[in-house]
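I opened this notebook page to record what I looked up in the model, entry by entry, with the questions I had in mind as I went.

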Protein chains: 2
Amino acid sequence: MSLGESIFTLRAIRRFQPVSIPNRDLTDILEAAIRAPSGGNSQPWHFLLVQDLDLRKKLANLYHEAWWAKRKDSGIMGPEDIPSGKGPVQSAMRLADEIGQSPAIIVVCARSKGPDSMASVIPAVQNLLLAARGFGIGGTITTLHRQVEERVHELLNIPESFQIVYCIPLGYPAGNFGPVKRKSLVEVVSYDYWGNNLPNKD
Amino acid sequence: MSLGESIFTLRAIRRFQPVSIPNRDLTDILEAAIRAPSGGNSQPWHFLLVQDLDLRKKLANLYHEAWWAKRKDSGIMGPEDIPSGKGPVQSAMRLADEIGQSPAIIVVCARSKGPDSMASVIPAVQNLLLAARGFGIGGTITTLHRQVEERVHELLNIPESFQIVYCIPLGYPAGNFGPVKRKSLVEVVSYDYWGNNLPNKD
């Protein structure tokens, strides 16, 4: 696949076919992930690939609890507070119910706590998603919640010194890939000075 | 360019040919950047593309000060404390002298302070570097330092509420692209439980 096609058709995938991913493809995806840059080439990442059905179920239960804990933090107490329809919130709510059905969940960890270590693993996550896209495999970046953090560490035997950065379900999409909706460049790019949105002449 | 070639040959580029980058290519690179995912599709990024020679010089002076401020934070007081040779630290030290000579510097900002907003712009930065690679254009992720933060905000008219996440020089490399040195997968991947580095059988 071309670089352009992968970048421009990558979108969050939250529903998956019940089909497992070949290990050789997962390996290639992880090999792509670790090519990413990191601060001082520290490579502070660890990828925990959860495929065991029982573990996925237990992790999925904690994910569900975490998702609702985040909603409660922002005043949403239950499904009745979420408008019906087909928006991204409904889709994320369904993922909170169904994440255990994705054939693989990658728990991305960083070697120490704090934002610097977190920042240094995120480029690898983007490589991972792009490489997965190249195999027709989708996923989405999700976070957990401090309420379940300790239990996820225990469940997967993650060392206490590592932080969990993201939890990424992967699988073959039940829907379609991209394109995505984005603000236009004129809203998010300035030239030389903030607010000047006229490019310089060549 | 294929996705694989871009991912596997992307490396930090810190020396540039004195050749400007066509605006159409910069536009395509930024269009690729903003396709990245962000938390709740918040797209909290702003890209400030600095090409004006005088501004680049002023920004380069602040970058130089920031680079040495970071070294001092870790006990390195001057060039005499940095071992000679051809390692990444020497290369970074030289970039601190020469960053103003790169034809474009992209100052990547996030809409608010704090790690969540920072995290949400980093996938776009990786897209940016990969897309640049597709045009034969190199760069590297660098950070500033709180010591110069306020002056960079003033210089470029960046709103106070935005944080500066990264400062990315871009240009045609004076050296070569990848491959890169990385730890092997067996060191950074576990299967199901932390520390189990045997993949499941297909």
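The entries below go from the chain contact to the sheet, then to a helix pair and a single loop residue.

**Entry 1, the contact between chains.** I noted at the outset that this is a predicted model, and then asked how many residues of chain A are in contact with chain B. I found 61 residues of chain A in contact with 61 residues of chain B. Looking up the elements that give two or more residues to the side of chain A that touches chain B, I listed α1 (3-9), α2 (23-33), β1 (45-50), α5 (115-134), α7 (185-188) and β5 (189-191) of chain A. Of these, α5(A) gives the most, with 11 residues. I then sorted that side of chain A by class and wrote down 39 nonpolar, 15 polar and 7 charged residues.

**Entry 2, strands across the chains.** I turned to β5(A), which pairs with strand β1 (residues 45-50) of chain B in the parallel sense over 3 bridges; within this pairing I looked up A:S190, whose bridge partner in β1(B) is B:L48.

**Entry 3, the sheet.** Which order do the strands of the open sheet have? I read 5 strands in the order β3(A)-β4(A)-β2(A)-β1(A)-β5(B), with mixed pairing. I also asked why one side of β3 (138-139) of chain A and of β5 (189-191) of chain B is left without a neighbour in the sheet: both stand at the edges, and each has a single partner strand. Further in, I recorded that strand β2 (residues 104-110) and strand β4 (residues 163-171) of chain A pair in the antiparallel sense over 7 bridges, and that A:A110 stands opposite A:Q163 in β4(A).

**Entry 4, the α5 helices.** I came back to α5(A) and looked up how its axis lies against that of helix α5 (residues 115-134) of chain B: the two axes come within 8 Å and cross at roughly 35°, in a right-handed crossing. Among the residues of α5(A) that meet α5(B) I noted A:M118, A:I122 and A:V125, and on the α5(B) side the residues include B:M118, B:I122 and B:V125. By class, this helix contact has 12 nonpolar, 4 polar and no charged residues.

**Entry 5, a loop residue.** I looked up A:E80, found in the loop between α3 (53-73) and α4 (88-98) of chain A, and asked whether A:E80 is buried or exposed. I put A:E80 down as exposed, because 7 other C-beta atoms lie within 10 Å and the cut-off for exposed is 12 or fewer. Last, I noted that A:E80 and A:N61 are 19 residues apart in sequence and 20 Å apart in space, C-alpha to C-alpha.

Note on methods:
Residues are numbered from 1 along each chain as its sequence is written. Chains are lettered from A and ligands numbered from 1 in the order in which they are written. This is a predicted model: local features need pLDDT of at least 70, side-chain atom pairs count only at pLDDT 80 or more; totals for chains, interfaces and linings use all residues. Two residues are in contact if their C-beta atoms, placed from the backbone, lie within 7 Å. Ala, Val, Leu, Ile, Met, Phe, Trp, Tyr, Cys and Pro count as nonpolar, Asp, Glu, Lys and Arg as charged, and the others, Gly among them, as polar. Two strands pair if DSSP finds at least two bridges between them. Axes are lines fitted to C-alpha atoms, for helices over the stretch in contact, and angles run from 0 to 180 degrees between N-to-C directions. A crossing is left-handed if the near helix is turned anticlockwise from the far one by less than a right angle, and right-handed if clockwise. A residue is buried if 20 or more other C-beta atoms lie within 10 Å of its own, exposed if 12 or fewer, and partly exposed in between; C-beta atoms are placed from the backbone.
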